[in-house]
Amino acid sequence: MGELGINAAIDSKVDADNSVQNQMQTAAPISETGLKSKYGKIYEVVVTVDEDDEHEGRKLKFLFKSPTAVSFSRYIKTVNKNIVSASAAFLKDNIIAEQAANLEYECKEYPALALNISQKLLNVLGFNDSVNFRQL
């Protein structure tokens with residue numbers, strides 16, 4: 001499959017938001033084959049963000065490893081206290097290391113982003129509304 005056209009942030013603490021944004025724009029594409037051998041099963045999540053009528057359709061791409069039971073358990077324990085923090089922590093647990101800074105930056109810019117993406121990752125674990133129930 002080759003290279004994914006995804007900007008990966010450099011894995012370091014950065015003081016200014018501009019530095020993080022510059023890193024995201026200049027980072028090399030990530031090799032899908034290398035990621036699969038490093039993380040196993042990976043999932044691509046693409047989110048379209050509309051800031052306003054003039055800035056429509058900005059696509060954000062993130063790669064996540066398969067969520068673990070420990071990560072899910074931690075999410076369930078904290079979701080009732082603060083859903084945004086629980087969602088952000090769940091994503092942080094499961095994002096590939098090469099994109100952690102990128103995800104953190106985008107979640108600061110778009111606070112509801114963590115809720116949106118975490119819902120998709122929870123679906124991977126079978127946590128969704130498409131369960132049918134009826135008495136026989």
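1. Asn116 is partly exposed, because its relative accessible area is 45%, and exposed would need over 50%. Asn116 sits in helix 6. The model is a predicted one, so these values are computed from predicted positions. Across the sequence, Asn116 and Ser87 stand 29 residues apart. In space, their C-alpha atoms are 8.8 Å apart.

2. Is Ser87 buried or exposed? Ser87 counts as buried, because its relative accessibility is 1% and the cut-off for buried is under 20%. Ser87 belongs to helix 4. Which residues does Ser87 contact, once its neighbours within four places in sequence are left aside? They are Tyr75, Ala114, Leu115 and Ser118. Of these contacts, Leu115 is a residue of helix 6.

3. Leu115 deserves a second look. Leu115 is partly exposed, at 30% relative accessible area. Together with Ile83 and Val84, Leu115 makes a nonpolar surface patch of about 210 Å². Look for this patch on the surface of the model.

4. Next, the overall layout. The protein chain has six helices and four strands. What order do the elements take from the N terminus on? They run β-α-β-α-β-β-α-α-α-α. Of the 136 residues, 33% count as buried. The accessible surface comes to about 9,000 Å². Carbon and sulfur atoms hold 50% of that surface.

5. Contacts also reach along the sequence. Take the contacts between residues at least 6 apart in sequence. Of these, 61% join residues at least 24 apart.

6. Now the inside. In soluble globular proteins, nonpolar side chains tend to be buried together. In this model, the largest nonpolar core has 20 residues. Which of them touch the most other members? They are Phe62, Phe64, Leu91, Leu103, Leu113 and Ile117. The elements that give two or more residues to this core are strand 3 (42-49), strand 4 (58-65), helix 3 (69-79), helix 4 (83-94), helix 5 (100-109) and helix 6 (113-124). Helix 6 supplies the largest share, five residues.

7. Phe64 is a good residue to click on. Leave out residues up to four places away in sequence. Phe64 then touches Lys41, Ile42, Tyr43, Val45, Leu91, Asn94, Ile95, Ile96, Leu103, Ile117 and Leu121. Apart from the largest core lies another core, of five residues. Its members include Leu35, Ile42, Leu63 and Ile96.

8. Then the charges. Side chains of opposite charge can pair when their charged atoms come close. How many salt bridges does a search of the whole structure find? It finds four. One of them joins the side chains of Glu98 and Lys38, at 2.9 Å from N to O. Glu98 lies in the loop between helix 4 and helix 5, and Lys38 lies in helix 2 (residues 32-39). This pair links distant parts of the chain, 60 residues apart. Lys38 counts as exposed, because its relative accessibility is 53%.

9. Glu106 and Arg58 form another salt bridge, with their closest N and O atoms 2.8 Å apart. Glu106 is in helix 5 and Arg58 is in strand 4, 48 residues apart. What about cover? Glu106 is buried, with a relative accessible area of 2%. Arg58 is partly exposed, at 33% relative accessibility.

10. Asp93 and Arg74 also meet in a salt bridge, at 3.0 Å from N to O. Here helix 4 holds Asp93 and helix 3 holds Arg74, 19 residues apart. Asp93 counts as partly exposed, at 28% relative accessibility. Arg74 is partly exposed too, with a relative accessible area of 41%.

11. Last, confidence. The protein chain averages a pLDDT of 79. Of the residues, 77% score at least 70. Where is confidence lowest, and where is it highest? It is lowest in helix 1 (residues 17-26), at a mean of 47. It is highest in helix 4, at 94. Over residues 7-26 the pLDDT is below 50. Beyond near neighbours in sequence, that stretch has 30 contacts in the model.

Note on methods. Residues numbered from 1 in each chain as written. Predicted model: local features only at pLDDT ≥ 70, side-chain atom pairs only at ≥ 80, totals over all residues. Heavy atoms only, no water. Core = buried A, V, L, I, M, F, W, Y, C linked by side-chain atoms within 4.5 Å. Buried < 20%, exposed > 50% of the residue type's maximum accessible area, 1.4 Å probe, protein only. Contact = heavy atoms within 4.5 Å. Patch = residues over 30% accessible without salt bridge, like charges linked within 9 Å, V, L, I, M, F, W, Y side chains within 5 Å. Areas by Shrake-Rupley, 256 points an atom, 1.4 Å probe, with all protein chains shown as cover. pLDDT = per-residue confidence, 0-100.
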